[in-house]
Structure formats: structure tokens, C-alpha cells
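User: Got a minute to walk me through this one? I'd like to hear about the loops, the domains and the charged pairs.

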Amino acid sequence: MLQSSLRLGTVAGIRIGVHYTWFIIFFLISFSLYTFFRQQHDDWSANLALATAVITSLLFFASIILHELGHSIVAIARGIRVASITLFIFGGVAQTEKDSDCAATEFWVAIAGPLVSFFLAGMFYVLGILIGSYSEAVAESLAWLASINLMVAIFNLIPGFPLDGGRVFRAVIWGLSGNATKGMNWAVISGRVVAYALMALGLVVVLQTGMLLNGVWLAAIGWFLLAAAEASGQKFLLDRVFDRVLARQVMERDVPMIAASLSMTDWIDHYVLTSGQRAFLVEDGQRVTGLVTLSDISKITREQWPTTPVRDVMTPVEKLHVVTPADSITEVFKFMRAHSLNQVPVVDGGTIIGWIDRDRLLKILRLHTETGR
Ligand SMILES: [Zn+2]
């Protein structure tokens with residue numbers, strides 16, 4: 001998400017950028033501020049209204065970056081690297097390299113952003129008192145910045161994940177129950193409730209007030225939050241399942257085995273086509289000497305099948321890519337992807353003790369998703 005962004009600079013090792021969708025919201029906010037200023041102050045020139053609108057809008061987005069920096073600096077202090085902060089159509093997002101590893105971290109990282117926004121609201125308010133009397137435009141700009149930052153803080157504290165308030169909610173459940181999965185499950189539910197509520201509210205706004213843009217905007221934010229909540233929930237589950245489950249737990253122990261002297265014809269006709277298995281271990285005497293898979297048949301012509309033993313086309317054990325029983329599924333998946341394998345033998349002390357294939361992994365993964373465990 002948000003890969004293609006325009007780079008603005010780097011702060012504390014964090015890349016700051018804007019996604020191209022940001023220009024839409026920047027234009028919308030500048031334009032509505034301009035219209036507002038023109039309506040409120042008919043003595044202002046068009047240029048004054050425009051300059052005030054654009055500068056105010058830029059200061060607003062600077063405030064959003066500071067909000068995200070608030071999250072980021074706490075994250076970094078707690079050992080989570082932050083790669084980038086990106087402004088986009090729905091606000092700002094800080095991209096961290098990993099999820100919080102404890103409830104306290106999740107809590108402090110989440111709360112830091114709204115605290116920054118509250119602080120900015122107060123700062124703009126005080127500045128308005130101090131220097132507002134010099135210029136009406138400055139006073140208007142500071143007043144708007146104070147109230148918008150207050151709204152950003154309050155909106156983000158709505159307890160619907162992945163809003164900051166939802167992350168606080170997740171941290172509280174996680175902290176109280178001591179169970180990260182429980183925290184995330186409840187967080188996703190909170191996210192759904194708030195997302196649907198925003199969509200419904202958007203519809204009400206359109207029907208009741210006729211303010212089409214505002215209504216569609218609320219609904220779009222709801223839709224975005226829903227997608228983000230579901231995606232975070234799934235990623236969380238996958239990461240946990242993948243790291244927790246070991247190769248030995250999911251491997252197939254019943255490894256299909258054939259004799260090295262078996263001809264290719266017999267192997268295909270009596271083993272592959274009757275079992276549906278694509279890969280077999282090859283046994284020579286008492287030892288497993290290799291692996292033969294359907295993709296090996298391209299090594300010889302069809303005419304050679306009856307006279308070629310599987311030992312001539314198999315991949316010998318020394319050349320096999322294998323995993324160990326203690327490898328996590330994360331590692332197994334990475335390994336399979338790196339070597340473009342569909343199946344991988346599990347080897348313990350030089351002996352093949354099991355077998356993992358991609359279909360089996362995906363099936364098991366689906367079961368984890370279905371049962372939420
Ligand atoms: Zn935030």
C-alpha cells in the first residue's frame with residue numbers, strides 16, 4: 001500500500017512522503033477554506049483568501065505529519081523501526097517494520113499521536129491569543145488549525161481499530177487478558193462496528209442534509225477503515241500462525257516411497273495416477289537416495305519411460321532442498337518461495353522423516369483462519 005509516493009525528506013531516519021491521492025485532499029481542503037474565508041470576509045481580496053487557505057492547509061498537513069511522528073518516535077524508543085510516514089487521501093500513516101510486541105508498547109505508540117494533536121490544538125489556540133490581533137487572516141488560520149487538530153485528536157480516539165483509539169482498545173484487552181490474539185480479535189470487531197457506523201452516518205448525512213461530498217467522504221473513510229481492520233486482523237493471524245507452527249507439526253509423515261529400480265512407466269501408471277501424489281521418495285536398499293517428482297519427466301522422452309528406472313531421473317538426496325522439523329512455517333514458506341518448490345522434504349539427522357507441500361500448508365492455514373486459532 002502507498003508504495004508510489006513523492007519523497008519530501010527524512011526526519012530521524014524516517015522517510016516522509018506524499019502519495020499522489022494526497023493532492024486530491026489538499027486541493028479539497030484548500031478550496032473549501034478559500035470558499036469559507038471569502039464568505040466570512042467580503043473585505044478580503046481573493047489573493048489574501050487564497051494565500052491564507054493554502055498556508056493553513058499546508059500547516060494542517062504539517063500537523064498530521066507531527067501526529068504521525070508522535071507515533072513513530074514512541075515506536076522507535078520502544079525498539080520498533082519506522083520506515084516511512086506517508087500522507088494520503090485519508091490522512092497520514094506511519095509504516096512500522098513490525099507489530100507491537102507487548103500491550104504497553106501498543107498503548108503508548110497509539111496514544112502518542114492524539115496527544116500530539118491535542119498539544120497542537122492548544123498551541124495554535126494560544127498562538128491565536130498571542131498574535132491573532134495583528135492580522136485577521138492569521139487569527140482565522142490559527143483558530144481553524146486549533147479546532148481541526150482538536151477534531152483530529154478526538155476522531156482518532158474513536159475506539160475502532162485501526163484508528164488510534166481502536167489500537168488503545170486492543171492494547172487494553174491485550175493487557176487485561178494477557179492474550180494478544182484476543183486483543184486483536186476484539187480490535188477487528190471494534191473496527192467493523194465503527195466502519196459500518198461511519199458508512200451509515202455518511203448515508204444519513206446525504207439523505208438528511210443533501211451534503212453529498214461530506215456523506216460520501218464519511219462512507220469512504222468507513223470503507224477504508226473496514227478494509228484496513230480486516231487486513232490487519234488477517235496479517236496478524238498469519239504471522240502468529242506461521243511463527244508458532246513448526247514444520248514437524250504440519251508435515252505429512254506418511255511419505256510415499258518407491259523403489260529406485262522401478263521404471264518410469266510403472267511409477268506413473270501404478271503410483272502417480274492411482275494416488276494423486278506428484279512427488280515420491282526413492283529408496284535404494286534401506287536408504288532414501290532421492291526424490292522424484294512429476295516435473296522430472298521432462299528430463300527424458302516418452303519412449304524412454306519403460307526402460308528408464310526412476311533413479312536415473314530423480315534428484316539425489318545431497319542435492320535436495322530440505323527443511324528441518326524445528327523450522328517455523330514462516331521459514332518453510334520463505335524457503336519454498338526462494339527455491340520455487342511445491343513440496344519440500346523434512347530432514348532430521350540425515351533422514352527424511354516427513355514432507356510438506358504447498359497445498360497442505362494452504363489447507364492448514366485456511367483451517368486456522370476459520371477457527372481463529
Ligand atoms: Zn494516529
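Analyst: Sure. When I say helix or strand, I mean a DSSP run, H or I over at least four residues for a helix and E over at least two for a strand, numbered from the N terminus. Keep in mind that this is a predicted model.

User: OK, loops then. Where does Pro-162 sit?

Analyst: Pro-162 is in the loop that links α4 (136-156) to α5 (164-177). The peptide bond between Phe-161 and Pro-162 is cis, with omega at about 5 degrees.

User: And what is the phi of Ala-12?

Analyst: Positive, about 50 degrees, even though Ala-12 isn't a glycine. You'll find Ala-12 in the loop between β1 (5-11) and β2 (14-19).

User: Is Ala-12 buried or exposed?

Analyst: Exposed, at 62% relative accessible area. Ser-340 also has a positive phi, near 40 degrees. Ser-340 belongs to the loop between α10 (329-338) and β9 (343-348), and with a relative accessible area of 65% it is exposed.

User: Switching to domains. How is the chain split up?

Analyst: The domain assignment gives domain 1 (1-157), domain 2 (171-244) and domain 3 (248-371).

User: How far apart are the centres of domain 1 and domain 2?

Analyst: Taken over C-alpha atoms, 22 Å. As for contacts, 14 residues of domain 1 touch 10 residues of domain 2.

User: What is the area buried between domain 1 and domain 2?

Analyst: About 970 Å², and carbon and sulfur atoms give 91% of that. On the domain 1 side, Phe-90, Ala-103 and Phe-155 lose the most area to domain 2, together 50% of what that side buries.

User: How many salt bridges are there between domain 1 and domain 2?

Analyst: Zero. The count of residue pairs in polar contact between domain 1 and domain 2, both at pLDDT 80 or more, is zero too.

User: Which helix gives the most to the domain 1 side?

Analyst: α3, with three residues. Both α1 (22-40) and α3 (103-131) supply at least two residues each to the side of domain 1 that touches domain 2. By residue type, that side of domain 1 breaks down into 10 nonpolar, one polar and three charged.

User: Now the charged pairs. How many salt bridges do you count?

Analyst: Eight, taking a side-chain nitrogen of Lys or Arg within 4 Å of a carboxyl oxygen of Asp or Glu. Side chains of opposite charge can pair when their charged atoms come close.

User: Which residue pairs with Asp-284?

Analyst: Arg-311, with the closest N and O atoms 3.5 Å apart. Arg-311 lies in the loop between β7 (287-293) and β8 (315-316) while Asp-284 is in strand β6 (residues 279-284), so the pair ties together parts that are 27 residues apart in sequence. Arg-311 is partly exposed at 36% relative accessibility, and Asp-284 is partly exposed at 33%.

User: What about Asp-296, buried or exposed?

Analyst: Buried, at 7% relative accessibility. Asp-296 forms a salt bridge with Lys-299, 3.2 Å from N to O.

User: And which residue does Lys-98 meet in a salt bridge?

Analyst: Asp-101, at 3.8 Å from N to O. Lys-98 is partly exposed, with 38% relative accessible area.

Definitions and conventions
Residues are numbered from 1 along each chain as its sequence is written. This is a predicted model: local features need pLDDT of at least 70, side-chain atom pairs count only at pLDDT 80 or more; totals for chains, interfaces and linings use all residues. Side-chain values use heavy atoms; hydrogens and water are left out. Buried means under 20% relative accessible area, exposed over 50%, partly exposed in between (1.4 Å probe, protein chains only). Domain bounds come from an automatic or database domain assignment. Contact means heavy atoms within 4.5 Å. Buried area is the accessible area (1.4 Å probe) that two parts lose on being put together, summed over both. A polar contact is a pair of N or O atoms within 3.5 Å; within protein, one must be able to donate a hydrogen and the other to accept it, and residues adjacent in sequence count only if both atoms are side-chain atoms. Ala, Val, Leu, Ile, Met, Phe, Trp, Tyr, Cys and Pro count as nonpolar, Asp, Glu, Lys and Arg as charged, and the others, Gly among them, as polar.
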